[in-house]
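The exercises below are meant to be worked with the sequence and the coordinates open side by side. Each one sets a task and then goes through a solution step by step.

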2 protein chains.
Amino acid sequence: MPLRSDWSEELCPVRRGLDVLGDPWILLIMREVLHGRNRFEEIRDSIGISDAVLSRRLRLLVDEELLRKVEYRGDRRTHHEYVATEAGADLLPIMHAVSIWAEKHTPMPEGGTHMAVIHESCGAETRSADTCSECGDELRADDVSWDKPWKRARERLVGAPTL
Amino acid sequence: MPLRSDWSEELCPVRRGLDVLGDPWILLIMREVLHGRNRFEEIRDSIGISDAVLSRRLRLLVDEELLRKVEYRGDRRTHHEYVATEAGADLLPIMHAVSIWAEKHTPMPEGGTHMAVIHESCGAETRSADTCSECGDELRADDVSWDKPWKRARERLVGAPTL
DNA sequence: GGTACTCACTTTCTTCAAGCAAGTGCCGCA
DNA sequence: TGCGGCACTTGCTTGAAGAAAGTGAGTACC
């Protein structure tokens with residue numbers, strides 16, 4: 001990763017992981033993509049990132065093979081969109097772990113409420129990052145949705161496409 | 001957090017979490033502290049961070065109440081040390097999730113080997129971030145150790161002290 | 001009492017990314 | 001042919017990273 005000291009050769013997996021993930025934007029971008037917001041403008045507008053930074057991050061994520069850039073036939077013209085690879089979809093437990101931690105240990109702001117992570121297969125809310133705390137199944141991005149009451153929205157994750 | 005745009009008031013918990021954790025050093029520092037390396041020099045030497053950056057991060061972590069700074073009577077003089085709060089110890093599942101992801105999706109460098117996370121209560125290796133995949137118990141920092149064969153070391157985590 | 005040493009920082013300096021605004025180039029349409 | 005939308009790229013200013021050197025408090029030795 002060119003943005004900082006290169007940790008991609010570190011023996012410790014935590015450190016290798018942070019080489020990619022130790023940046024505030026990476027997980028947010030990946031989350032948007034997993035939520036089906038796949039186009040440059042959609043991502044930019046939903047997370048409030050500057051054009052320049054988003055462009056650089058997307059290139060990095062494609063290089064690191066967390067995203068793939070594909071052409072996509074829109075209403076009237078060809079667009080580009082970014083879709084998650086398996087490596088990208090596997091970030092889901094990290095997002096869950098972060099959100100579980102933050103709900104427990106950061107002050108809930110005005111107007112905030114609990115965000116529930118729903119395991120669609122069994123319909124229950126899970127409180128574990130990577131396995132459903134109800135049925136015990138492994139959580140997969142395409143089988144999970146996030147209930148965000150402050151948005152009155154229940155967003156379905158879309159997971160990794162076929163490679 | 002003064003290092004970047006302030007996300008501490010965000011409604012989305014992932015974003016609030018990244019306000020603190022979206023920095024490559026934070027998790028590394030917390031990991032060292034949980035491994036019993038509590039003094040400034042120990043942390044600096046084990047992760048290779050510059051004095052200036054470590055100093056700033058430690059202040060931030062104390063402000064955010066992930067660490068507490070305490071006096072400690074050493075061999076012959078009083079030292080300062082940093083100990084994890086409960087919020088700090090609860091970062092463990094995030095570290096696990098990052099390491100599981102990295103072992104699966106980043107190339108293992110020369111000389112690297114699998115790092116096993118051992119749930120000491122049952123003695124088994126776990127492959128889940130927050131619950132033991134063998135016995136199903138919740139993983140706690142003081143009940144987990146990390147087996148790092150490239151160091152020939154099995155390091156016990158020490159968890160959060162009494163507040 | 002003076003010097004040396006350790007520890008935990010702080011300061012200084014250069015380089016490089018963030019964030020903002022403006023500009024560019026390529027469709028596809030009227 | 002001009003226009004607007006999209007996906008960037010460029011330029012500018014501010015500020016953090018990283019490296020090295022300096023500071024100051026506490027302790028030990030002579």
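**Exercise 1. Place B:Leu92 in its chain and describe its surroundings.**

Solution. Begin with the secondary structure, where B:Leu92 falls in helix 6 (residues 92-105) of chain B; helices here are DSSP runs (H or I, at least four residues), numbered from the N terminus. This is a predicted model, in which local features need pLDDT of at least 70 and side-chain atom pairs count only at pLDDT 80 or more, while totals for chains, interfaces and linings use all residues. Residues are numbered from 1 along each chain as its sequence is written, and chains are lettered from A, with ligands numbered from 1, in the order in which they are written.

Next, count neighbours: B:Leu92 has 27 other C-beta atoms within 10 Å and is therefore buried, since a residue is called buried at 20 or more such atoms, exposed at 12 or fewer and partly exposed in between, with C-beta atoms placed from the backbone. Then list the contacts (C-beta atoms, placed from the backbone, within 7 Å): leaving aside neighbours within four places in sequence, B:Leu92 touches B:Leu139, B:Ala141 and B:Val144. Finally, B:Leu92 and B:Ala129 are 37 residues apart in sequence, yet their C-alpha atoms are 8.0 Å apart in space.

**Exercise 2. Decide whether B:Asp6 is buried or exposed.**

Solution. B:Asp6 belongs to the segment before helix 1 (13-21) of chain B. With 10 other C-beta atoms within 10 Å, B:Asp6 is exposed. As a distance check, B:Asp6 and B:Met108 are 102 residues apart in sequence and 35 Å apart from C-alpha to C-alpha.

**Exercise 3. Work out how chain A and chain B are related, and what each brings to the contact.**

Solution. First superpose the copies by least squares on the C-alpha atoms of residues with pLDDT of at least 70 in both: a turn of 180 degrees, with a shift of 0.0 Å along the axis, lays chain A on chain B with an RMSD of 0.0 Å. The two copies are thus related as by a two-fold rotation axis.

Then examine the contact, to which chain A and chain B each give 41 residues. On the side of chain A that touches chain B, the elements giving two or more residues are helix 1 (13-21), helix 2 (24-34) and helix 6 (92-105), and helix 6 gives the most, with 11 residues. Lastly, 100% of the interface residues of chain A are also interface residues in chain B, so the copies meet through the same surface.

**Exercise 4. Characterise helix 6 of chain A by its span and its burial.**

Solution. Helix 6 of chain A has 14 residues and reaches 20 Å from its first C-alpha to its last, close to the 20 Å expected at 1.5 Å a residue, where the expected span is 1.5 Å times one less than the number of residues. This helix is mostly covered, as 11 of its 14 residues are buried, among them A:Ile94, A:Val98 and A:Trp101.

**Exercise 5. Find which residues touch the most other members of the largest nonpolar core.**

Solution. A nonpolar core is a set of buried Ala, Val, Leu, Ile, Met, Phe, Trp, Tyr and Cys residues joined through C-beta atoms within 7 Å. The largest such core has 81 residues, of which A:Leu27, A:Ile94, A:Val98, B:Leu27, B:Ile94 and B:Val98 touch the most other members. Following B:Leu27 beyond its neighbours within four places in sequence, one finds contacts with A:Val14 and A:Leu18 as well as with B:Leu21, B:Leu91, B:Ile94 and B:Met95.

Definitions and conventions. Contact = placed C-beta atoms within 7 Å.
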